[in-house]
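Please examine the sequence and the predicted model shown here. The paragraphs that follow trace the surroundings of an annotated site.

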Amino acid sequence: MKIKAVAEKAYTAQDTLRGKITPERAWWNLTHYKLDFELDIENKFLTGSNTITYTVLVANKSMQIDLQPPLKITKVLQSGTSLNFTQNGNAYFIQLNENQVVGSSKEIEVFYEGNPKEAPRPPWDGGFTWRKDASGKPVVFTSCQGEGASLWWPNKDHMYDEPDNGMTIRATVSSDLMAVANGKLTATEKNKNGKTTYEWTVLNPINNYGVSLNVADYAHFSDPYKGLNGTLECDFYVYQENLEKAKAQFKQVHLMLEAFEHWFGPYPFYEDGYKLVEGVGMEHQSAIGYWGYQNGMPRDGQDSSGSGWGLKFDYLIIHESGHEWFANNITYKDMADMWVHEGFTTYSEALYVEYHYGQKAGEEYIKGLSKKIKNDQPIIGDYDINDIEYSGDVYAKSAVVLHTLRHALNDDTKWRAILTGLNKEFYHKTVTTAEVENYITKRSGLNLKLFFDQYLRTTQIPTLEYYFKENQFVYRWINTIVDFEMPLKVTLNNQELWITPKTKWTYYYVNDADAKKEVTIDPNFYVASFRNMEN
């Protein structure tokens, strides 16, 4: 079985500045953001500031802050003193005057303004979206995964470092509208100029692209959930015309929380609450973006798996909320490890189905997803580069690989402990693929290095080559990396059998030499088979 060659990608210097932990980023640890801005909807104009608090790790006086044109930084202050800075595309390099003493806590205030980039196709192509609701009132929302949060506010735009002490977001908009962001609403200030400032407070670390702004004439309702860590505040912000539809459709939120707390452990942001906010479907932390009001996929109502089970739930509620555990709680350090977000979360859809409809239903859902696998490039991308052209296989294939691993482990109690354990071990942390691999390997008791190398770093599908000779069943792996091995459940002559193929022939003796000699591979394993008729 041959897979077409993978085309080499071309990157720019700006891709490196966004994707690499540069020296101007590495020397300081981010502890808090205070983002304060005013939105002029009529002119699509943004003006504001971001106060960035940090701890000095290594003495240095050059700091990289990112902001993408057409927005621009107008001024930077530290202790009331204006600082010099230079610009290289999306990156600004600020020259600090004060001594940056190791261990000290410092802050800078970055002022900015401009017309933020408009999103051509949200959320896939990021930026600001400007629309109207059914009554003609403005609707504004942001989406910026991939392109980066510096599309609309100045920050340390790399995923490896999150503000340890959370974030304050102060958004000022026209008083006939409401601004909804992440965390909990902690202040509402009526200004004399006919505008209102909404202050949202995030107590937990938050990844850059998970920060969101949503502005509309929102209707609001609540439905608290009694979960593993007590009462979780669940708030919903929807367009006025969709209020009744939302009250019915959002009943799935409690079903989601019940299933995911079972599989992954407590919701990771009890202090910040859970929200669905109408706008764009995205995993914005504690403020999940939503639209659609139908089961299945949001645009067409179709079942992405083709199994029928995808019509039993609202994809955006289940998938985007699954990211609260895998993307927002456990966050990749480098975009090359996108599968940590999308693979586990796509797999969470099948676990939701399994929890509510049974294991067979979950298996059918995953089997349906496997038909979407392209094997066009390895799941793991290139490191130290902001590579947004990743393969769609980070979704379906990664989920199917996790399902395969679960069945190779053949111990569902241990598997569930691994899933909940990941969310404990890496609670509110940024991770690498290697850290995730090592954790699963340690907890599984299996040597999984070759498994992960095969499925994450190649496009080859492990293929069981086999033949029968008299009373022997002879088999091996082909189309694999050197020395690949993995336990496999097969049915041989109507009898279930566990085998452990290697890349060298293994001989298994069949008791009945006159048996029909038929082999079927358990469909829960993402492998192929090839019967060699020449032996």
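In this predicted model, E342 is in contact with Q145, E283, H319, H323, V394 and Y395, when its neighbours within four places in sequence are left aside. The residue belongs to helix α6, which covers residues 339–357. With a relative accessible area of 2%, E342 falls under the 20% limit and is therefore buried.

One of the contacts of E342 is H323, and here the side chains of the two residues are joined by a polar contact of 3.1 Å. H323 is placed in the loop that runs between α5 (315–322) and β22 (330–332). Its relative accessibility is 0%, so H323 also counts as buried. Apart from neighbours within four places in sequence, H323 is in contact with E283, N328, N329, H341, E342 and T345. E283 thus appears in the contact list of H323 and in that of E342. The side chain of H323 also reaches the backbone oxygen of F326, at 2.9 Å.

How does the annotation relate to this arrangement? In an unreviewed UniProt entry, the feature "binding site" is placed at H319, H323 and E342. These residues span 24 residues in sequence, yet no two of their C-alpha atoms are more than 9.1 Å apart, so they gather at one spot. H319, H323 and E342 are also included in the lining of the largest pocket.

Definitions and conventions:
Residues are numbered from 1 along each chain as its sequence is written. This is a predicted model: local features need pLDDT of at least 70, side-chain atom pairs count only at pLDDT 80 or more; totals for chains, interfaces and linings use all residues. Side-chain values use heavy atoms; hydrogens and water are left out. UniProt positions are given in the numbering used here, feature names are shortened, and annotations may be inferred rather than shown by experiment. On a 1 Å grid over the protein atoms alone, a cavity is a set of points where a 1.4 Å probe fits but cannot get out, and a pocket is an open set with protein on both sides within 12 Å along at least five of seven lines; lining residues have an atom within 4 Å of a point. Helices (H or I, at least four residues) and strands (E, at least two) are DSSP runs, numbered from the N terminus. Buried means under 20% relative accessible area, exposed over 50%, partly exposed in between (1.4 Å probe, protein chains only). Contact means heavy atoms within 4.5 Å. A polar contact is a pair of N or O atoms within 3.5 Å; within protein, one must be able to donate a hydrogen and the other to accept it, and residues adjacent in sequence count only if both atoms are side-chain atoms.
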